[in-house]
Amino acid sequence: MGLPLRTRRTRRTRPAHRPSPVDTPTGAGSPTDGDGGGDGGTARRTAPAATLTAVAALVTLIILIALVGCGALSPRERDIRPGPTGRPAVITVPGDTPSIQAALDAAVPGDLVLVGPGVYRESPVLRTPRVVLRGSDRGAVIIDGEHRRATGITVLAEETAVENLTLRRHTTAGLTVAGIAESPLLGYRASYLTVHDNGRHGILAVRARRGIVEHSHVSGHGHAGIRVEHCDPCESVVRDNITEANTIGIELVATGHPMTVRGNTGERNTAGVRARQRNTDDPGPIILGNILPDSPPPPGDGRIVAPAPAPAPPFAAPAAAPPHGPPPDQPQRPGAPTSPPRPAVGIPEQHP
């Protein structure tokens, strides 16, 4: 007796292949034609795919040639960095790039931007963290605002340093370090700078913490030579600077504690050091070892007149050179110009 019909295996026949427009070009036989057999059908099916691949490659090549011709694939600014990728580099100005801004744009964290002697008429902005901007000669590397540009150097990145150069004749400030209220900038250093005859401030730090301002000569400003503001708690130090012929030598506004001002000297400032807008429970900044006397009132009616000239308005004609320019020989940053950067983050100073 045979198996039940529902369990009996039956052989199903494959349906005949129906040629498609891709499989069968116009005028060609089907894959089941006797002349071509199975192999001939495969060849006919792969031929159009190979043709499409070749056309796509040709179109891609044409696009690449066009892009190169119009500069879309030109070397990036970061490609100017010397040395191997992934290691700190020294980017020189004007050796590797003609402008300071181009060098800062190319820098990555850990790089040193080394500026050679010259007068630079630009307003560089430092946006990359852990980068040091250094002049090779303090008196010969000059960023000149020509009484037209607002700020010499603007720092917007953390753990950065600006050192060993001159900033002069800007309408607002020579150096500005700026964070924001929601996210204060953490870590900056201004060292061995000569900052003179800028409109309002020489060195200005706003909403920036753990900073160091040191070994700088700041003179001839309509408001403060060095001003630190709105960084409570600042955890910063202003030390070993010379301030001359400013309305205020060093000004602290809402800095909080700890904040240290020590070892600074100067003369011909209307006010040597001024601290204001403290919280009621704030012990205040630590101010010690400074020689910054207030200028005595002139004879006559007793009114105090600032010895610094009035700040030039934006885009005004260059003013005459004031009589209180900085000394010609300023101390240079110690060590070789190409020596590795030291940390830019300040360590709060503690005093009894």
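**A walk from Leu 175 outwards**

Let me start with one residue: leaving aside residues up to four places away in sequence, Leu 175 touches Ile 153, Val 155, Val 162, Leu 167, Ala 190, Leu 193, Gly 202, Ile 203 and Leu 204, where contact means heavy atoms within 4.5 Å. Before going on, I should say that this is a predicted model, in which local features need pLDDT of at least 70, side-chain atom pairs count only at pLDDT 80 or more, and totals for chains, interfaces and linings use all residues. Residues are numbered from 1 along each chain as its sequence is written, and side-chain values use heavy atoms, with hydrogens and water left out.

Leu 175 is, together with Val 113, Leu 133 and Ile 153, among the residues that touch the most other members of the largest nonpolar core, which has 43 residues. Such a core is a set of buried Ala, Val, Leu, Ile, Met, Phe, Trp, Tyr and Cys residues joined through side-chain atoms within 4.5 Å, and buried means under 20% relative accessible area, against over 50% for exposed and in between for partly exposed, with a 1.4 Å probe and protein chains only. The element that gives the most to this core is strand 10, residues 185-196, with 5 residues; strands (E, at least two residues) and helices (H or I, at least four) are DSSP runs, numbered from the N terminus.

What lines the largest cavity? Leu 175 appears again, along with Val 155, Thr 160, Ala 161, Val 162, Val 177, Tyr 188, Arg 189 and Ala 190. A cavity here is a set of points, on a 1 Å grid over the protein atoms alone, where a 1.4 Å probe fits but cannot get out, and lining residues have an atom within 4 Å of a point. The structure holds 1 cavity of 30 Å³ or more, and about 30 Å³ of space lies in the largest one, a volume being the space filled by probe spheres set on the points, which are joined across faces, edges and corners. Strand 8 (160-168), strand 9 (173-178) and strand 10 each supply at least two residues of that lining.

Turning to strand 9, we find that 5 of its 6 residues are buried. Strand 9 runs parallel to strand 7 (residues 151-155), with 4 bridges joining them, and Thr 154 has Thr 176 as its bridge partner. Strand 9 is also joined to strand 11 (residues 201-206), again in parallel, by 5 bridges, with Val 177 partnered by Ala 205. Two strands are counted as paired if DSSP finds at least two bridges between them.

These pairings belong to an open sheet of 7 strands in the order 4-7-9-11-14-17-20, with parallel pairing. Strand 4 (125-126) and strand 20 (271-276) stand at its edges with a single partner strand each, so one side of each has no neighbour in the sheet. Further along that order, strand 14 (residues 224-229) and strand 17 (residues 248-253) pair in parallel over 5 bridges, and Ile 226 stands opposite Ile 250.

Finally, let me return to strand 10, which runs parallel to strand 12 and is joined to it by 6 bridges, with Ser 191 opposite Glu 214. Strand 12 (residues 208-214) has 5 of its 7 residues buried, so it is largely enclosed by the rest of the structure. Strand 12 is in turn joined to strand 15 (residues 236-239) by 3 bridges, also running parallel, and there Ile 212 has Val 237 as its bridge partner.

Terms used: 1 Å grid on protein atoms, 1.4 Å probe; cavity = no way out; pocket = protein on both sides within 12 Å on 5 of 7 lines; lining within 4 Å.
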